Structures are given as C-alpha cells and as structure tokens.
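Dear colleague,

I am passing on the structure we spoke about, together with some notes on what turned up in it. Please look through it alongside the text below.

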Amino acid sequence: MPGPLTTTITAIERIASAHRGAAVPVLHEIGLSETQGSLLWALGGSITHDLTMSEAAAALSCDASNLTLLARHLESLDLAERIPDPADGRRKRLTLTDRGREVVARMTRALGDATPLRSLTEAERATLDELLAKAVG
C-alpha cells in the first residue's frame, strides 16, 4: 500500500505532467525541446529575465558545455542573447529578448489554463508555495 510520501510524489508528478502537456505544443511550435523550454522558463522566472551562464546551468542541473548548446539554440531563434555581465566582464549573462518574453508569456498562459492548481484558493496556493519552498530549500 502506498505511503503518504508516495501519494505526495504521485500528485506532484501528475501536476508536472499536466504542465508538460500544456507547454510542449507551445515549445514544439517554435522548435524547442523540453530542455530548451526549461531554460527559457528559468530565464522568464528570474526577476530580471536573465541569469549568468552558471546560474542557468544550476537551474537546469546541467554542466556549462550543455548550457552553451542550449543557449546557442535560443539565440538562433532570437529568444535569448548572451551579454557581458556588468558586475564582471569575464562572465556572460543569458537574457531574454522581446520574442523570448512573448514565448514565456504564451507558456504561462498555457500552463495557467491547464494547471490542476487552479482549483486551489489563493490562500491554499500560498501555503503550497511555502511548503514547496521549504522542500526544495
């Protein structure tokens, strides 16, 4: 018999599956894989819509060489660009272009329409946000 942790993991997987199902058509329409879409999403989720290359690699749990390939593809589609980091000219930041922000907005709308989390009240979502933040550190 599944235990409480199994139930929680299964629920999280079902939510993630619904989100993937909503995002993939948007991504495929513009020629992105799920991993490339994850990078776009990570950029869109940052306050400034940009991350250093090492921050982006950490967000995707990948190494710098893989991230460079992902970034090149986003650049080739005019979704992101690499710019010098103003705080340290030796580093590069990956930033969304206007087109990249538009695609993130489309993904956000698609996810918002499909998410099972819509059934939660605002207070319940706030509680869930706190619990998930605690779980991921």
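Where is serine 33 found? Serine 33 sits in the loop between α1 and α2, and, as everywhere in this message, the position is that of a predicted model. With a relative accessible area of 32%, serine 33 is partly exposed, because that value falls between the 20% under which a residue is buried and the 50% over which a residue is exposed. Although serine 33 and valine 103 are 70 residues apart along the chain, their C-alpha atoms are separated by 14 Å.

To give you the overall plan, the protein has six helices and three strands, and from the N terminus on these elements follow the order α-α-β-α-α-β-β-α-α. The C-alpha trace spans about 50 × 30 × 30 Å along its principal axes, and 31% of the 137 residues count as buried. If one takes the contacts between residues at least 6 apart in sequence, 54% of them join residues that are at least 24 apart.

The sheet

The three strands make an open sheet in the order β1-β3-β2, with antiparallel pairing. Since β1 and β2 stand at the edges and have a single partner strand each, one side of each is left without a neighbour in the sheet. From one strand to the next, the twist averages 30°.

Strand β1 (residues 50–52) is joined to strand β3 (residues 88–96) by three bridges, while strand β2 (residues 80–85) pairs with β3 over six bridges. The connection from β2 to β3 is a hairpin of two residues. Along the pairing of β2 with β3, alanine 80 stands opposite leucine 96, and glutamate 81 stands opposite threonine 95. Helix α4 lies across β2 and β3, and runs at about 120° to β2.

Threonine 52 may be a useful residue to look at on the β1 side. Is threonine 52, which is found in strand β1, buried or exposed? Threonine 52 counts as buried, at 2% relative accessibility, because buried means under 20% relative accessible area. Threonine 52 stands opposite arginine 93 in β3, and, when its neighbours within four places in sequence are left aside, threonine 52 is in contact with Asp85, Arg91, Lys92 and Arg93.

The nonpolar core

In soluble globular proteins, nonpolar side chains tend to be buried together. Here the largest nonpolar core holds 28 residues, of which Leu39, Leu40, Leu43 and Leu74 touch the most other members. At least two residues of this core come from each of α1 (4–29), α2 (34–45), α3 (53–60), α4 (64–76), β3 and α5 (98–114), and the largest share, five residues, comes from α5. Leucine 39 illustrates how such contacts are spread: not counting residues up to four places away in sequence, leucine 39 touches Ala56, Leu60, Leu67, Leu70, Ala71, Leu74 and Leu94.

Helices α2 and α5

In α2, the buried residues are Gln36, Gly37, Leu39, Leu40, Ala42, Leu43 and Gly44. Why does the length of α2 agree with what should be found at 1.5 Å a residue? The twelve residues of α2 should span 16 Å, and the end C-alpha atoms are 16 Å apart, because the expected span is 1.5 Å times one less than the number of residues.

The axes of α2 and α5 come within 10 Å and cross at roughly 100°, so the two helices are roughly perpendicular to each other, given that angles from 65 to 115 degrees are counted that way. On the α2 side the contact is made by Gly37, Leu40, Trp41 and Gly44, and on the α5 side by Gly100, Val103, Val104, Met107, Thr108 and Leu111.

The last helix

How many of the 15 residues of α6 are buried? The count is zero, and α6 is hardly covered. The span of helix α6 (residues 122–136) nevertheless agrees with expectation, because at 1.5 Å a residue its 15 residues should span 21 Å and its end C-alpha atoms are 21 Å apart. Just after α6, glycine 137 takes a positive phi of about 85°.

With kind regards

Notes:
Residues are numbered from 1 along each chain as its sequence is written. This is a predicted model: local features need pLDDT of at least 70, side-chain atom pairs count only at pLDDT 80 or more; totals for chains, interfaces and linings use all residues. Side-chain values use heavy atoms; hydrogens and water are left out. Two strands pair if DSSP finds at least two bridges between them. Helices (H or I, at least four residues) and strands (E, at least two) are DSSP runs, numbered from the N terminus. A nonpolar core is a set of buried Ala, Val, Leu, Ile, Met, Phe, Trp, Tyr and Cys residues joined through side-chain atoms within 4.5 Å. Buried means under 20% relative accessible area, exposed over 50%, partly exposed in between (1.4 Å probe, protein chains only). Contact means heavy atoms within 4.5 Å. Axes are lines fitted to C-alpha atoms, for helices over the stretch in contact, and angles run from 0 to 180 degrees between N-to-C directions. Angles under 35 degrees count as roughly parallel, over 145 as roughly antiparallel, 65 to 115 as roughly perpendicular and the rest as oblique.
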